[in-house]
Amino acid sequence: MPFLRLFIFSFLLLPVTSHADNNLPIFGDTTSGIISLSKEHELGQAWARSLRGSAKLLDDPITYSYLNDLLWKLASHSQLQDRRLDLIVLDNPTLNAFAVPGGIIGIHGGLILSADNEDELASVVAHELAHLSQRHFASQLEEARRNRPFTLAALLASILVASADGQAGAAAISTTIASQQSAALAFSRQNEQEADRVGMQTLVNAGIDPEAMPRMFSRLLRSQRFDQNRLPEFLLTHPVSESRIADALNRSAQLPDQPASKNSKEYEIIRTRMTVHFAKSPQDSYAFYRQAVDASPTPTALYGLALSSIETNRYQEAHQALKQLPNDWQSMLYIKLTVAEIYLAQQNWQTAVESLQALNELYPYTYTVEKLLSKALMAQGQPAQAIRVMNNIKRDYPKDADNWYLLAEAYGQNNERMNVHLTRIEYFLLTGQTDRANQQITFARREKNQSQYEIARLDQLEQETKAVRDAMKMDI
């Protein structure tokens, strides 16, 4: 893979220094370790481009918004020095999450289903943030350069493969880890234990029960024992043992008490969305929630029935299920957005636009509202209005590849040819498709009556494309 050569080359060129501190060090300056924070960010962005271009991203603004809010809540209580974070949510039912140098946090949709409650989900995110704050990739690189210079890059490559293909990724990660020496595995365990300790402190700082972390790990270990043939990818890159769980339990007992949180309604909504999304079939999901509502019409069951009714084209039943929710649920933004999703599924564009425009006035510059509104406007044939909304998203979420893709489509509908080219170039760069970016630059150069701004912008994008291409094709 091109990005794999990039990591190997860049890491091998960096000077080596050593550090050893058992008191949870914070690498707050760019001279700590063997790789600067700026270099980590540069490498992380290159890796993220490869990930966006090769793995299926989860197209669910509500779930993304929830996870992004959770990530930033925890980040604000963490030891992170460089808070340029990028969240990537993958449409993958496997249990996995990972952190990559440069502030990249990846979460598989299946992780939400694997956590028994909101605290346990938060514990995994806090653990990944701890890997970043303690700069374990930099310290692991130091060890790798002494003993196994290609293992770190190979492990990053395996994470990428797992994101696109869980079964192939599991095999790749297993092969990588199996090839490591015992000393290297011990070093990895040290990093994991440190991430546990730092992550639990982050949980405490955020008012979350730190015992959620050992509880989550215990559940993972039990799942490993019950199904040896389907080891979760998370356990392959984050090995869990009885001694590690015991250590985590002992450390959590020494931390200030935090009462176990009651699951928020938002979490129940997100978990239900993932349950329906990853169901074997829409019909199975509908049958499950129909039976659940008939037995006990809880809010979660009703919401699941609404979602599965949308999937099976039972739109009136979906509306009725949402109307049966308690008032405090019906007043939630996520529920109001789900009503709009029903209108979109019905292709009732006018009602969808009107309801989302009303929400946009109540919740201005809100990601979830703007994402659905832009799609509704596009479907209704109002590209100019959609462009204005998507430019708001672009300003606040510049790494949203889906938004760049839709924005190019909107410019096309609005007959803005040069903007189509410029936006497609940005999309291809964001997803690591440099050849296609170059092709769009060539097309754009052929357009007549270019302004000085457009000429200068094309020159700049051409330089950016060359830099990205050279980095991703760098050979050793």
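**Reading a predicted model with its cut-offs**

Tutor: Over residues 170-187 the pLDDT stays under 50, and the model has 26 contacts for this stretch beyond four places in sequence. Here pLDDT is the predictor's confidence in each residue, from 0 to 100, and contact means heavy atoms within 4.5 Å. This is a predicted model, in which local features need pLDDT of at least 70 and side-chain atom pairs count only at pLDDT 80 or more, while totals for chains, interfaces and linings use all residues. Residues are numbered from 1 along each chain as its sequence is written, and side-chain values use heavy atoms, with hydrogens and water left out.

Student: What is the mean pLDDT of the protein?

Tutor: The mean is 83, and 79% of the residues reach 70 or more. Residues 1-32, however, have a pLDDT below 50, although the model gives this stretch 81 contacts beyond near neighbours in sequence.

Student: Why is T465 called buried or exposed?

Tutor: Buried means under 20% relative accessible area, exposed over 50%, and partly exposed in between, with a 1.4 Å probe and protein chains only. T465 has 0% relative accessibility, so it counts as buried. T465 belongs to helix 25, residues 452-472, where helices (H or I, at least four residues) and strands (E, at least two) are DSSP runs numbered from the N terminus. Leaving out residues up to four places away in sequence, T465 touches I425, L429, T434, A437, N438 and I441. Of these, T434 stands 31 residues from T465 in sequence, with 6.1 Å between the two C-alpha atoms.

Student: What makes the rings of F288 and Y289 a pair, and which kind of pair is this?

Tutor: Rings of Phe, Tyr and Trp (its six-membered ring) pair if their centres lie within 6.5 Å, and planes under 30 degrees apart count as stacked, over 60 as edge-to-face and the rest as tilted. The structure holds six aromatic pairs. For F288 and Y289 the centres are 4.9 Å apart and the planes stand at 85°, so the pair is edge-to-face.

Student: Which name suits the pair of Y367 and Y397?

Tutor: With 4.4 Å centre to centre and 45° between the planes, Y367 and Y397 form a tilted pair. The pair links distant parts of the chain, 30 residues apart, with Y367 in helix 20 (residues 367-380) and Y397 in the loop between helix 21 (383-396) and helix 22 (401-413). Y367 has a relative accessible area of 9% and is therefore buried, whereas Y397, at 26%, is partly exposed. Ring pairs also join Y64 with Y367 and Y397 in a cluster.

Student: How do you know that E341 and R273 share a polar contact?

Tutor: A polar contact is a pair of N or O atoms within 3.5 Å; within protein, one must be able to donate a hydrogen and the other to accept it, and residues adjacent in sequence count only if both atoms are side-chain atoms. The side chains of E341 and R273 are joined by such a contact at 2.8 Å. E341 lies in helix 18, residues 333-345, and its relative accessible area is 15%, so E341 is buried. Apart from neighbours within four places in sequence, E341 is in contact with I62, R273 and L372.

Student: What caps the N-terminal end of helix 5?

Tutor: The cap is N117, with a side-chain oxygen 3.1 Å from the backbone nitrogen of D119. Helix 5 itself is mostly covered, with 16 of its 16 residues buried.
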